[in-house]
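Below is a short report on one sheet and the aromatic side chains on it. Please keep the sequence and the model open while reading.

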Amino acid sequence: NNLVYCGGVNVDGKLIIPAKFNQIGPSSEGMIRVNEGNLFGFWSSNGIEKIPSVFVEARVFINGISYVKKQIVQKGKTIVEEGYIDINGNFIWKKT
């Protein structure tokens, strides 16, 4: 198994984000984008998971919002939700 996983350390060298991600970064506005499998989420710069990895696409935060896309399977049909979330993961605008 040649897989390499990424984690994050603070300035003191203490592990604050577990080494379980395929990719970490970039960070913006205190939020670090992480990629776990094929899904994206966000951790705070002090090592707290803020938004679980549930998005198939996620961009960095700018002015407190991030564009995201989520796929949900309901009754055998794939539903796509996309729009903008705040730093708590709440949709503030969804594409209709």
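How many bridges join β7 to strand β8? Two bridges do so, and the two strands run antiparallel. This is a predicted model.

## Sheet layout

Four strands make up an open sheet. Their order is β7-β8-β9-β10, with antiparallel pairing. The edges are β7 (57-58) and β10 (91-94). Each edge strand has a single partner, so one side of each lacks a neighbour in the sheet.

Strand β8 covers residues 66-74. Its pairing with β7 includes Glu 57, whose bridge partner in β8 is Lys 69.

## The β8-β9 hairpin

Nine bridges hold the pairing of β8 and β9, again in the antiparallel sense. Lys 70 is set opposite Glu 81 in β9. The two strands form a hairpin with two residues between them. Lys 75 sits in that turn, and its phi is positive, about 55°.

## The β9-β10 hairpin

Strand β9 spans residues 77-85. Three bridges link β9 to β10, in the antiparallel sense. Two positions show the register. Tyr 84 stands opposite Trp 93 in β10. Gly 83 has Lys 94 in β10 as its bridge partner.

This hairpin has five residues between the strands. Gly 89 takes a positive phi there, near 90°.

## Aromatic pairs

How many aromatic pairs does a search of the whole structure find? The search returns four. One of them is formed by Tyr 67 and Tyr 84. The geometry is edge-to-face, with 5.7 Å centre to centre and 70° between the planes. That angle passes the edge-to-face cut-off, which is over 60 degrees. The pair links distant parts of the chain. Tyr 67 lies in strand β8 and Tyr 84 in strand β9, 17 residues apart.

Tyr 84 also pairs with Trp 93. Here the centres are 6.0 Å apart and the planes make an angle of 45°, a tilted arrangement. Tyr 67, Tyr 84 and Trp 93 form one aromatic cluster.

## Burial in the cluster

Which category, buried or partly exposed, fits Tyr 67? Tyr 67 counts as buried because its relative accessibility is 12%, and the limit for buried is under 20%. Tyr 84 reaches 31%, so Tyr 84 counts as partly exposed. Trp 93 is at 47% and therefore partly exposed. The cut-off for exposed is over 50%.

## Surface and charge

Which residues form a nonpolar patch on the surface together with Tyr 84? They are Ile 65, Ile 92 and Trp 93. The accessible area of the four together is about 380 Å². Tyr 84 and Trp 93 thus appear in both the aromatic cluster and this patch.

Lys 94 adds a charge-over-ring contact. Lys 94 lies over the face of Phe 91, at 4.9 Å from the ring centre. Lys 94 is also the bridge partner of Gly 83.

## Tyr 84 in brief

Several of these features meet at one residue. Tyr 84 is found in strand β9. Tyr 84 stands opposite Trp 93 across the strand pairing, and the two rings form the tilted pair. The Tyr 84 ring also makes the edge-to-face pair with Tyr 67. Tyr 84 is partly exposed, and Tyr 84 belongs to the nonpolar surface patch.

Conventions. Residues are numbered from 1 along each chain as its sequence is written. This is a predicted model: local features need pLDDT of at least 70, side-chain atom pairs count only at pLDDT 80 or more; totals for chains, interfaces and linings use all residues. Side-chain values use heavy atoms; hydrogens and water are left out. Two strands pair if DSSP finds at least two bridges between them. Rings of Phe, Tyr and Trp (its six-membered ring) pair if their centres lie within 6.5 Å; planes under 30 degrees apart count as stacked, over 60 as edge-to-face and the rest as tilted. Buried means under 20% relative accessible area, exposed over 50%, partly exposed in between (1.4 Å probe, protein chains only). A charge sits over a ring if NZ of Lys or CZ of Arg is within 6 Å of the ring centre and within 35 degrees of the ring normal. Patches are made of residues with over 30% relative accessible area and no salt bridge: like charges are joined within 9 Å, nonpolar side chains (Val, Leu, Ile, Met, Phe, Trp, Tyr) within 5 Å. Accessible areas come from the Shrake-Rupley method with a 1.4 Å probe; for residues, only the protein chains shown count as cover. A salt bridge is a side-chain nitrogen of Lys or Arg within 4 Å of a carboxyl oxygen of Asp or Glu.
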